[in-house]
Amino acid sequence: MRCTRCAGLRGPEIIYEGGSRVLALRCIHCGDVIDRVIVLNRQRHRLPYPNRTRTPNYGSNRWKKNRPTIA
């Protein structure tokens with residue numbers, strides 16, 4: 001199986017956590033782990049808030065209003 005992050009090889013692995021065993025796939029190259037719960041959470045389609053705008057990270061004067069200028 002191919003890794004979605006690096007297109008490397010994935011191999012099966014048993015992870016022991018909290019007294020239980022979980023069957024997972026681990027990428028040999030980058031170490032990305034995929035199990036049943038991760039796959040189900042990634043398949044859920046979450047819609048963004050439709051009427052909410054994002055504040056841009058660049059060029060915004062929103063946080064510079066009350067900042068004193070050093071001359």
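Here is a friendly walk through this protein, from its overall layout down to three of its residues.

The model you are looking at is a predicted one. Start with the broad outline: the protein has three strands and one helix. If you follow the chain along its sequence, these elements come in the order β-β-β-α, with the helix after the strands.

Next, consider the protein as a whole. It has 71 residues, and 14% of them count as buried. Its accessible surface comes to about 7,200 Å², and carbon and sulfur atoms account for 53% of that area. What share of the contacts with a separation of 6 or more comes from residues 24 or more positions apart? The share is 16%.

Now let us visit some individual residues, beginning with Pro-12. You will find Pro-12 in strand 1, which spans residues 10-17. Is Pro-12 buried or exposed? Its relative accessibility is 70%, and because anything over 50% is called exposed, Pro-12 falls in that class. Even so, Pro-12 has partners beyond its sequence neighbours: setting aside residues within four places, Pro-12 is in contact with Ala-24 and Leu-25. Cys-27 makes another useful landmark, since the C-alpha atoms of Pro-12 and Cys-27 are 8.9 Å apart in space, while the two residues are 15 residues apart in sequence.

From there, move along to Asp-32, in the loop that links strand 2 (20-27) to strand 3. Asp-32 has a relative accessibility of 8%, and it counts as buried because that value is under 20%. Which residues does Asp-32 touch, apart from those up to four places away in sequence? They are Cys-3, Thr-4, Arg-5, Arg-10, Leu-25, Arg-26, Cys-27 and Arg-42. With one of these, Arg-10, the side chain of Asp-32 forms a polar contact of 3.2 Å.

The last stop is Asp-35, which sits in strand 3 (residues 33-35). Asp-35 is buried too, yet it has no salt bridge. How far away is the nearest side chain of opposite charge? That side chain belongs to Arg-36, and it is 7.4 Å from Asp-35. A salt bridge would need a separation within 4 Å. Leaving out neighbours within four places in sequence, Asp-35 is in contact with Val-22, Leu-23 and Ala-24. Ala-24 may sound familiar from earlier in the tour: Pro-12 is in contact with Ala-24, and so is Asp-35.

Methods. Residues are numbered from 1 along each chain as its sequence is written. This is a predicted model: local features need pLDDT of at least 70, side-chain atom pairs count only at pLDDT 80 or more; totals for chains, interfaces and linings use all residues. Side-chain values use heavy atoms; hydrogens and water are left out. Helices (H or I, at least four residues) and strands (E, at least two) are DSSP runs, numbered from the N terminus. Buried means under 20% relative accessible area, exposed over 50%, partly exposed in between (1.4 Å probe, protein chains only). Contact means heavy atoms within 4.5 Å. Lys and Arg count as positive and Asp and Glu as negative; His and the chain ends are not counted. Accessible areas come from the Shrake-Rupley method with a 1.4 Å probe; for residues, only the protein chains shown count as cover. A polar contact is a pair of N or O atoms within 3.5 Å; within protein, one must be able to donate a hydrogen and the other to accept it, and residues adjacent in sequence count only if both atoms are side-chain atoms.
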